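User: I am new to this structure and would like a close look at a single part. Please take me through one strand and what surrounds it.

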2 protein chains.
Amino acid sequence: MYRLGVDLGGTNIVAGLVDESMKIIDKVSCKTNLPRSAESIIEDIAMLCKKVVNQNHLEEAEVASVGVGVPGTANRKTGFVEYANNLGFDDVPFVKLLENQVSWPVYMDNDANAAAWGEYKAGGYKDDSFVMITLGTGIGGGVIIDGKLLRGVNYAGAELGHTTINFQGKPCNCGRVGCFEVYGSATALIEQTRYALEYEAAGENKKKKSLLWKLCGNNLNKVEAKNVFDAVAGGDYFAKKLLDDYTTYLAEGLANVINIFQPSVLCIGGGVSKAGDVLLNPVKEKTNRLIYSKNSAVNTNITIAKHDNDAGIIGAALLGLEGES
Amino acid sequence: MYRLGVDLGGTNIVAGLVDESMKIIDKVSCKTNLPRSAESIIEDIAMLCKKVVNQNHLEEAEVASVGVGVPGTANRKTGFVEYANNLGFDDVPFVKLLENQVSWPVYMDNDANAAAWGEYKAGGYKDDSFVMITLGTGIGGGVIIDGKLLRGVNYAGAELGHTTINFQGKPCNCGRVGCFEVYGSATALIEQTRYALEYEAAGENKKKKSLLWKLCGNNLNKVEAKNVFDAVAGGDYFAKKLLDDYTTYLAEGLANVINIFQPSVLCIGGGVSKAGDVLLNPVKEKTNRLIYSKNSAVNTNITIAKHDNDAGIIGAALLGLEGES
C-alpha cells in the first residue's frame, strides 16, 4: 500500500506519494497563496493528493491514508488545528474538512513532529531517543522518547524554538523575548547578515568589501542564508565572523536541548543544515563545551538530517500507520 | 515489606523507612561533613539505614531494598556515580560499595529524579506526564513521560536548572552563562536580596528602611529566602519588588519547560516552594502569559509539591520497585 504525505507550509503545499519502503515515488505542489480560507487550502490539498495518485496510474484503493504536517497545534484527538499562526488558522476542523474531500482516512500532526518522525523512521535510527531541530523560517522541534513522539497534554509540546535563551534579548513574534528561533533560525542568520552588512556600509570608510555584497547582488533584501556559507567557502572574513556568531547562538540552544533530553541523536534539519560540515563542526565543538555531561562516556550524537525536506512528507505519510507514532 | 530511601545531600544525609502505603515511618540523619571520601560517606549511609531499621524493631529481612538519591549523574546500568560536583564524586562504584556494607539490594538515581518520582507516586498524580522543578541550592529537574522517568542516554538528562535563559547574563558554576538556576534557585533569591539591600544601604541617604534588614539581623550573610516572603507578608515594598523580579525569572524558566514538555502537571518543590500562594500565584500568571499555548483549552497545571522534602526519600525508596520507575 502507498500512503500520501502532505507538507502544508506557509509558502508551498507539497503532496508526496510514499511507498512501503518509505521512499517518495512522486510529488506535486502548489503555492499556499496566503491569506486565504482554510476551506480553500484544504481543497488544494485534496486536489494535490488526487493528482499525484492519478499521474502515477494508481487506484485510490491502493492508497491507505493521507497524513498532513501542519505548522501549528494539531490536536490529533479532536482533529482540529487549534492554532496555526502563519496560516491564520484558528480552531479549524481540519481532519473532517479534508475527509469530506477525499476517500482516504486523514491523519495530521505538527509539521516539526512529522519531520522528526520521517527522519527517524526513514533514516533508520534505531535509538530510543531522538530529537530533530529544523532551522528554517523559524525553529521547529520534534522529540522522540522511547520510540514515541512527545506531543504534550495539548499537542503543543516540543516547541523547542520557543524557549528563551536570552530573556533580555530580542523580541520573538510569539510574544516572548529571546526565543531560540530569534537567534538560530535561517531568518535570524539572514537578519544578522543584513545588520552586519549595513553596519559595514555605514562605517567610516563606507566600504563594501565583503564578498557577501556580490553574492546578494548588492541588495540587502535579497540576502539568503546560503550566501553566508558560499562566502565562507570563498574565504570571506566577514562571513566567517557571522558564521562564528551564528554557531555560538545555535550551540546555546542545542546545549539546552541536550541538557534536557540527553537524546541518543540530535539531528539538525531545515534549509540551513544543507551547509553540512562547515556548520556542523563548529556547532558540535561549541555545544559539547556547554553541555552538563561533558565528562560523560556517552554523549548525544549531533548530526545533520539525511532526508531534510522530504522528512516532513515521509513522516506525514507514516502517521497513518496506526500506533507507530 | 518496608523500603529504605536515602537522601544524600551536600549538607545532610537522611535515611527514611518507607512503608507500603508510601509513608515515611521514621527517619534518621547525620551531617555529610564535606569534604570526605566516598567510602566514608557510604559507611554513614549504611550506618543510618541499619539504625532506622533497628530503632523500629524490624528484622533486616522485613526491608526489601535501599534506594539512594544522589546529587549527580547516577548511571543505573553500571552502578557508578559518574560525577557529583557538590560531593566531589568522580566515577565512584556507588552501588557496589554500599552493597558491601548492607544486606539489601541497592538502587540509586539522581536526587531530582528521585524527588519527582516520590512526589508523582505518593502525591497520587494519575497523569502520564509530570515535571518537577526543585528550587533549592540549585534547580533540579525531574521529568516523567508516559509514567516513566526521563533519564537520557547517559543518565544526565532532565538537568532543567542547567538550561540557559540568558546567555549574555550571569555565569553559572556549570561553566555556562545564564542558567535557569542562576536566576531561579533559592541561592539566586538570596543573592538578589543581598545585592538589593547593599544597594539600599549604599544609596544617597544611607538608609536601611526595608523590613528585610530586621529579619536578617542586619547581617547580609544571614539572609534567607524565607526572609523575603516574611517581609512581603509584613507589607514591605522592597521585598515585594524582589519577589516580583524573582517570579519573573522563574516564569521564564517554567515557560521554557512548558513549551518543551506541555506536561499535565508542573510541580514546584524545594525550600522556596514552602512560600505557597504568594509565590505560586504570580508565577502562574506570568508563566501563562509567556507560554506558546496560551490559547489552548488544556494547559499545564502549575502547582506546589505536596511532599516537598520527603519526596526525595519516598522516591528513592520506591526505586527498588522493579520496573516501576
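Analyst: What follows is a walk around strand 12 of chain A, then its counterpart in chain B, in a predicted model.

Start with the domains. Chain A is split into domain 1, covering 2-119 + 310-318, and domain 2, covering 127-305. Strand 12 of chain A takes up residues 265-269. Its sheet has five strands and is open. The order is 11-10-9-12-13, and the pairing is mixed. Strand 11 (148-149) and strand 13 (301-304) of chain A are the edge strands. Each has a single partner strand, so one side of each has no neighbour in the sheet.

How many residues of strand 12 of chain A are buried? Five of the five are, so the strand is largely enclosed by the rest of the structure. Look at the two faces in turn. A:V265, A:C267 and A:G269 point one way. A:L266 and A:I268 point the other way. Residues on both faces are buried.

Now the partners. In general, strands of a sheet pair through backbone hydrogen bonds, and the pairing is either parallel or antiparallel. Strand 9 of chain A runs parallel to strand 12 of chain A, with five bridges between them. One bridge can be picked out by name: A:T134 has A:G269 as its partner in strand 12 of chain A. Strand 13 of chain A also runs parallel to strand 12 of chain A, joined by four bridges. There A:I268 stands opposite A:I304. How does the chain get from strand 12 to strand 13 of chain A? The path goes through helix 9 of chain A, residues 277-290. This β-α-β crossover is right-handed.

One step further along the sheet, the direction changes. Strand 9 (residues 130-135) and strand 10 (residues 139-145) of chain A run antiparallel. Six bridges hold that pairing. In it, A:M132 faces A:G142 of strand 10 of chain A.

Turn to chain B. Strand 12 of chain B is mostly covered, with five of its five residues buried. B:V265, B:C267 and B:G269 lie on one side, and B:L266 and B:I268 on the other. Both faces are covered. Strand 9 of chain B (residues 130-135) pairs with strand 12 of chain B in the parallel sense, over five bridges. Here B:I133 is opposite B:I268. Strand 13 of chain B (residues 301-304) also pairs with strand 12 of chain B in the parallel sense, over four bridges. Two positions show the match: B:L266 stands opposite B:I302, and B:C267 stands opposite B:T303. Strand 12, helix 9 (residues 277-290) and strand 13 of chain B make up a right-handed β-α-β unit.

Next, helix 8 of chain B, residues 237-261. B:N259 sits in this helix. Is B:N259 buried or exposed? B:N259 has 28 C-beta neighbours inside 10 Å, so this residue counts as buried. Beyond its neighbours within four places in sequence, B:N259 is in contact with B:I291 and B:Y292 in chain B, and with A:E159, A:H162 and A:T163 in chain A.

That leads to the meeting of the two chains. There, 40 residues of chain B are in contact with 40 residues of chain A. Strand 6 (80-84) and helix 8 of chain B each supply at least two residues to the side of chain B that touches chain A. Helix 8 of chain B gives the most, with five residues. That side of chain B divides into 16 nonpolar, 19 polar and five charged residues.

Back in chain A, domain 2 also meets domain 1. Their C-alpha centres lie 27 Å apart. The contact takes 13 residues from domain 1 and 16 residues from domain 2 of chain A. On the domain 1 side, strand 5 (73-75) and helix 3 (111-122) of chain A each supply at least two residues. Helix 3 of chain A gives the most, with seven residues. The domain 1 side divides into six nonpolar, four polar and three charged residues.

Last, the core. The largest nonpolar core has 230 residues. Those with the most contacts inside it are A:V6, A:I45, A:C49, B:V6, B:I45 and B:C49. Leaving aside its neighbours within four places in sequence, A:I45 is in contact with A:V6, A:L8, A:I13, A:A15, A:V68 and A:L98.

Note on methods: Residues are numbered from 1 along each chain as its sequence is written. Chains are lettered from A and ligands numbered from 1 in the order in which they are written. This is a predicted model: local features need pLDDT of at least 70, side-chain atom pairs count only at pLDDT 80 or more; totals for chains, interfaces and linings use all residues. Domain bounds come from an automatic or database domain assignment. Two residues are in contact if their C-beta atoms, placed from the backbone, lie within 7 Å. Ala, Val, Leu, Ile, Met, Phe, Trp, Tyr, Cys and Pro count as nonpolar, Asp, Glu, Lys and Arg as charged, and the others, Gly among them, as polar. Two strands pair if DSSP finds at least two bridges between them. A crossover is right-handed if, with the strands pointing away from the viewer, the path from the first strand over the helix to the second runs clockwise. A nonpolar core is a set of buried Ala, Val, Leu, Ile, Met, Phe, Trp, Tyr and Cys residues joined through C-beta atoms within 7 Å. A residue is buried if 20 or more other C-beta atoms lie within 10 Å of its own, exposed if 12 or fewer, and partly exposed in between; C-beta atoms are placed from the backbone.
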